[in-house]
Amino acid sequence: MKHPDDDNELFNRLEAEMTDPAAPSGGEVVDLGKARTARGESTDPTPDPSPDSRPTKSADPEPTESADGRPTLVDQKVPTLSGPGVIDRIKHSKRLDVFPAWLKSGAEFKEALGWLAGHAWHTIAFHAVRVPFVYLPKLIWRAPRGALNTLSKVGRWSVDAEGEALRQYTATNEQVDEYLKLSRQRDRRVRLRMILTVLGSLLALGVGLFLVYGAEPMTQVIAAAVAVLGFGLAGAPADAPLATRAVIKTEVQKLTSDIVIKAMASIGIGQIASAVAKGKDGIQFAAPITREGPGWRADIDLPLGVTVADVADRRARLASGLRRPLGCVWPDADPNEHEGRLILWVGDRDLSKTGIVKWQLANARRHDIFKGIPFGLDPRGRGQSVPMIQHNVLIGSQPGQGKTASVRVLACGAALDPSVEMWLHELKGTGDVDALACTCHRFVSGIDDDSIKYAADSLTLLRAEVMRRAAAIKKLPRDLCPDKRITRTIADKRSLKLWPLLAVFDECQNLFAHPKYGKQAGEDAEFIIKLGRALGVILILATQRPDKDSLPTGISGNVSIRFCLRVAGQVENDMILGTSAYRNGVRATAFRPEIDAGNGYLAGAGPLPSVVRTAYLDDPATNTIAQRALALRKAEGTLSGHALGEDAESTAGPSYDLLADVAAVVPPSEKRVWNERIAARLAELRPEVYGGWKGENVTSALKPHGIKTTGVAGTTDDGERTTRRGIVRDDLTSAIAKRDENRGAA
């Protein structure tokens with residue numbers, strides 16, 4: 001049985017009956033109770049007291065009652081939907097760029113001009129080399145044939161040979177009148193052409209005799225060259241041109257809406273296939289398909305309920321539907337639009353086949369780390385940079401996918417800023433960053449326990465440095481540091497000792513998974529990542545084993561910038577790129593082993609994760625950059641630590657022991673002492689380490705060692721008795737004994 005409200009059957013019946021001339025003038029009366037019963041609605045007259053039950057302007061029109069008490073429908077007008085006016089639509093519309101992106105970017109414009117100049121130079125050089133050795137011998141070889149071809153054409157023209165076929169046709173078909181007309185026309189043509197041919201031959205003979213016996217040698221050479229060139233070109237076969245191509249163009253099919261729609265319908269998403277089959281409300285193009293960089297861009301509005309992540313999940317199928325290599329097809333979201341706006345970019349060439357990406361700073365004299373570090377190119381050929389200040393970086397991949405090369409690029413970029421203090425820890429022992437050791441305050445390369453201990457000690461030092469910087473930046477005047485963050489101006493004031501400090505830990509899983517030093521190193525790293533970001537302390541962590549044991553979740557969960565090259569599975573993918581990255585379509589598992597080495601997802605550097613092919617620096621290029629950075633640091637006097645030749649013993653561990661230093665400034669006779677007095681004494685003991693410390697810095701520094709502060713009564717310098725925060729010396733000695741005992745047990 002058909003529902004009374006299906007296809008508006010009830011209201012269609014009402015409309016037909018209301019237009020019936022026999023209908024009463026007051027309109028037909030409808031029993032809405034029965035209609036509601038048929039529709040499954042309640043007929044309970046008790047009003048719903050909820051606010052949502054109150055009628056609104058957009059609700060269905062309320063019926064009125066007729067004379068017999070039954071409700072009558074009195075308003076059948078369909079409410080009109082209000083929307084933005086013309087001005088509002090224009091005001092909120094998206095304006096396309098007046099100039100293309102490559103013309104607005106100085107770097108891209110320079111690159112385009114460089115490519116054009118290189119292309120022109122290659123073409124000129126290619127043909128210039130072949131002129132004396134290929135083209136000239138070809139011309140000489142073909143000149144006799146060209147001379148015969150020329151004489152043959154002149155002879156045929158003189159006797160009107162081109163009309164012979166038509167004359168034979170009229171004679172064969174006995175078209176006498178037509179044949180006679182053609183014969184008379186031939187006689188006139190041949191008479192005139194023979195005269196011109198004889199005169200031309202005499203002129204040519206005279207010119208030839210003059211060139212042979214009377215012309216200057218240079219004129220003879222020029223004439224011979226012109227004759228060889230002309231006859232050589234005339235003698236060239238149609239299938240064998242004189243010059244070969246200097247550049248073979250790769251023909252790529254133009255991306256059209258039909259191709260896109262067919263490909264999208266083939267990727268296995270039901271809503272898309274259904275929408276394409278219906279032909280309406282399906283895939284819509286928000287803008288014309290245009291050329292963008294070395295590829296095509298299509299802005300697409302997906303069907304309702306389909307997200308960009310759904311399409312990205314089927315990237316391989318989409319590439320198959322477009323008949324393009326997987327490395328050419330890159331579906332991305334538009335951060336300025338809704339979740340169904342897809343930006344489909346289809347490149348002319350596979351990203352993995354673009355070759356080695358040249359680093360933008362390879363020939364730079366210096367760089368400012370506050371402007372970020374150029375990192376590589378995205379699939380559209382646009383340069384991608386990694387912001388460093390106020391960020392930490394996590395890099396992960398399987399072995400051999402370009403992880404260490406990515407670290408090297410960032411380290412070289414930081415080295416070109418002479419104000420940056422470099423701490424490099426290469427815990428693989430292969431010497432991948434040995435060239436940069438000459439610029440480092442702390443440096444180690446190895447996988448042995450001593451190297452691991454050195455790296456763990458660095459994290460302990462960094463933790464203390466973060467606390468020192470927090471105290472120092474707190475004292476800065478508000479006009480110099482309004483946001484309590486390191487700026488270029490603050491970093492340039494060397495007396496403040498607040499310059500950027502970059503610490504790299506390559507193969508950090510060897511540190512965090514170490515049975516002796518790993519736990520404390522993980523706690524120190526988490527502390528630095530959480531607090532050091534605004535204080536100019538930057539950590540770069542690289543690992544090939546991203547799991548909870550090798551990479552503590554407190555570290556991976558707080559890193560702001562992540563770069564993930566190929567990994568094996570979803571767990572590793574989300575450990576590097578963040579929770580739900582795999583579910584959202586950001587999948588580094590899609591990269592092909594070896595083929596896509598150097599390609600990865602960069603997250604946190606922009607609004608959305610993007611694929612980046614990193615620049616590559618080999619050992620000679622790295623060494624060249626390191627020597628340039630060394631010269632910069634010597635000129636500005638910013639070399640320190642390892643770069644100044646400190647021996648291994650002095651750099652193998654921390655330059656101070658906090659607990660030992662506190663014990664040194666608090667004699668056994670002082671059972672209790674204020675933290676502010678400890679801070680003053682520490683600053684006097686080691687001003688380069690504890691300078692600027694306050695009582696709260698001592699409290700924070702001693703807390704991880706289990707030393708709690710308490711109220712300590714004492715006398716001020718003015719003789720006033722008061723109680724302030726301090727420590728009990730027995731707690732200090734207990735902490736030292738416990739630490740030494742743990743080290744001995746380990």
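**Helix packing, strand pairing and two buried residues**

In this predicted model, M467, A471 and K474 of helix α14 are in contact with E696, N697, S700 and A701 of helix α25. By class, the residues that make up this contact between α14 and α25 comprise 3 nonpolar, 2 polar and 2 charged residues. The two helices, α14 spanning residues 449–474 and α25 spanning residues 695–702, pack at an angle of about 160 degrees, and their axes lie 10 Å apart. Because an angle over 145 degrees counts as roughly antiparallel, α14 is described as roughly antiparallel to α25. The crossing formed by α14 and α25 is right-handed.

Helix α14 also contains S458, a residue that counts as buried because its relative accessibility is 0%, where the limit for burial is under 20%. When residues up to four places away in sequence are not counted, S458 touches W423, H425, R442 and F505. The C-alpha atoms of S458 and F443 are 9.6 Å apart in space, the two residues being separated by 15 residues in sequence.

A second buried residue is R587, which has a relative accessible area of 19% and therefore falls under the 20% limit for burial. R587 is located in the loop that runs between helix α19 (570–577) and strand β16 (599–603). With its neighbours within four places in sequence left aside, R587 is in contact with D313, N573, Y582 and Y601.

Strand β8, which covers residues 373–377, is mostly covered, with 4 of its 5 residues buried. Strand β8 pairs with strand β9 (residues 383–386) in the antiparallel sense, and 4 bridges are found between the two. Within this pairing, L377 stands opposite G383 of β9. Strands β8 and β9 form a hairpin in which 5 residues lie between the strands, and G381, located in the turn, has a positive phi of about 85 degrees. Strand β8 is further joined by 2 bridges to strand β17 (residues 610–614), and these two strands likewise run antiparallel. In this pairing, G376 has T614 of β17 as its bridge partner.

Further along the chain, an open sheet of 3 strands is arranged in the order β18-β20-β19, with antiparallel pairing. Strands β18 (672–674) and β19 (710–715) occupy the edges of this sheet, and each has a single partner strand, so that one side of each is left without a neighbour in the sheet. With direction ignored, neighbouring strands of the sheet are turned by 60 degrees against each other on average. The antiparallel pairing of β18 with strand β20 (residues 721–728) extends over 3 bridges, and within it R672 has V728 of β20 as its bridge partner. Helix α23, formed by residues 675–685, lies across β18, β19 and β20, and runs at about 75 degrees to β18.

Methods. Residues numbered from 1 in each chain as written. Predicted model: local features only at pLDDT ≥ 70, side-chain atom pairs only at ≥ 80, totals over all residues. Heavy atoms only, no water. Axes fitted to C-alpha atoms, helices over the stretch in contact; angles between N-to-C directions. Parallel < 35°, antiparallel > 145°, perpendicular 65-115°, else oblique. Left-handed = near helix turned anticlockwise from the far one by under 90°. Contact = heavy atoms within 4.5 Å. Nonpolar A, V, L, I, M, F, W, Y, C, P; charged D, E, K, R; others polar. Buried < 20%, exposed > 50% of the residue type's maximum accessible area, 1.4 Å probe, protein only. Pairing = 2+ DSSP bridges.
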